[in-house]
Each structure stands twice: as structure tokens, then as C-alpha cells.
Amino acid sequence: MIPKGYTGMSDTEARYRQRYLDLIVNSHVSSIFQTRDFVVQHIRRYLQGRGFVEVETPMMSIQAGGASARPFVTHHNDLNLNLYLRVAPELYLKQLVIGGMERVFEIGRNFRNEGIDQSHNPEF
């Protein structure tokens, strides 16, 4: 239960690290998520309405590539193989274009191992 007279979280780092609490005590925060969802839906509809096909490309690769950011490295236990989380989807999208799918797009996550601040989230 939230104490009466509580006005929300003020520690910015705590707000981002404990998003569930931020949503509970700061009612306006959920509108940010709703706005993002609205924008992504409209971008998707806009592109699909113009003949683009939405695709999903691999998140992990055996070699780093696609941009200049330092990649995150993970390990696949069953394959005993180090893999890199993608920095950008462009190489896979270009392969689809070369293969004849001229109108493709992807709305997805990228994992750029670089600076971070309140207005810059490197994974999206």
C-alpha cells in the first residue's frame, strides 16, 4: 500500500531500474508506454500499407558486424560457441533485398555496447 501524500519517486536511476515501482507511484509514466505502442503500431501499418513486409532477423551471430559499436558477447552452452548480440539488423535486411525481397522492414532490438543516459537507450 502506498502511503497517503506520497508524491512519487524522484531518484531517476531508481525509476529506471525499478520500473514497476515507477508505474505504481507515477501515474503519468504509463502514458509513455502507451504512446510508444501507438507510434510503433502506426509505423508498422504505414509501411505494410505501402507493400513492405515485416521480417525478423537473427539476434545472435558468430561474427560481430553491422555498425561500429562494440558488441555484447554471449555464450551458447550446447554449441560451446561464443556469439555476438546484433548491433544492427542491416546486414540481414540487405541480404533479403539482394535475394529479391525489395521492401522489407524490421522493428526490433539492437544491442549497442556504448554510452547510456536518460534519453538514450542503446538497446532500442
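Reader: How many salt bridges does the structure hold?

Author: The structure holds 3 salt bridges. Please bear in mind that this is a predicted model. The chain has an average pLDDT of 84, and 82% of the residues score at least 70.

Reader: Which elements of the chain have the lowest and the highest mean pLDDT?

Author: Helix α1, residues 12–17, has the lowest mean pLDDT among the elements, at 79. Strand β1, residues 53–54, has the highest, at 98.

Reader: I should like to return to the salt bridges. What is the general idea, and which residue forms a salt bridge with Arg19?

Author: Side chains of opposite charge can pair when their charged atoms come close. In this model Arg19 pairs with Asp22, and their closest N and O atoms are 3.2 Å apart. Both residues belong to helix α2 and are 3 residues apart, so about one helical turn separates them.

Reader: Are Arg19 and Asp22 buried or exposed?

Author: Arg19 is partly exposed, since its relative accessible area is 26%. Asp22 counts as buried because its relative accessibility is 0%, and the cut-off for buried is under 20%.

Reader: Which residue forms a salt bridge with Glu54, and how far apart are the closest atoms?

Author: The partner of Glu54 is Arg44, with the closest N and O atoms 2.7 Å apart. This salt bridge links distant parts of the chain: Glu54 is in strand β1 and Arg44 in helix α3 (residues 29–49), 10 residues apart. Glu54 is partly exposed at 29% relative accessible area, and Arg44 is partly exposed at 25%.

Reader: Where do the side chains of Glu106 and Arg86 meet, and what does the pair tie together?

Author: Glu106 and Arg86 meet in a salt bridge, at 3.2 Å from N to O. Glu106 lies in the segment after β5 (104–105), while Arg86 lies in the loop between β4 (81–85) and α4 (90–98); the pair therefore ties together parts that are 20 residues apart in sequence. Glu106 and Arg86 are both buried.

Reader: Let us turn to the sheet. What is the order of the strands in the open sheet, and how are they paired?

Author: Strands of a sheet pair through backbone hydrogen bonds, either parallel or antiparallel. Here an open sheet of 3 strands follows the order β2-β4-β3, and the pairing is antiparallel. Strands β2 (60–61) and β3 (73–76) stand at the edges with a single partner strand each, so one side of each has no neighbour in the sheet.

Reader: How many bridges join β2 to β4, and how many join β3 to β4?

Author: The antiparallel strands β2 and β4 are joined by 2 bridges. Ser61 stands opposite Tyr84 of β4. Strands β3 and β4, also antiparallel, are joined by 4 bridges. Thr74 has Leu83 in β4 as its bridge partner.

Reader: Which residue takes a positive phi in the hairpin of β3 and β4?

Author: That residue is Asn80, with a phi near 50°. The hairpin has 4 residues between its strands.

Reader: Finally, which residues make the nonpolar surface patch?

Author: Tyr20, Leu21 and Ile24 make a nonpolar surface patch of about 300 Å². Of these residues, Ile24 may serve as an example: Ile24 is found in helix α2, residues 19–25. Ile24 counts as exposed because its relative accessible area is 53%, and the cut-off for exposed is over 50%.

Definitions and conventions: Residues numbered from 1 in each chain as written. Predicted model: local features only at pLDDT ≥ 70, side-chain atom pairs only at ≥ 80, totals over all residues. Heavy atoms only, no water. pLDDT = per-residue confidence, 0-100. Patch = residues over 30% accessible without salt bridge, like charges linked within 9 Å, V, L, I, M, F, W, Y side chains within 5 Å. Areas by Shrake-Rupley, 256 points an atom, 1.4 Å probe, with all protein chains shown as cover. Salt bridge = Lys/Arg side-chain N within 4 Å of Asp/Glu carboxyl O. Buried < 20%, exposed > 50% of the residue type's maximum accessible area, 1.4 Å probe, protein only. Pairing = 2+ DSSP bridges.
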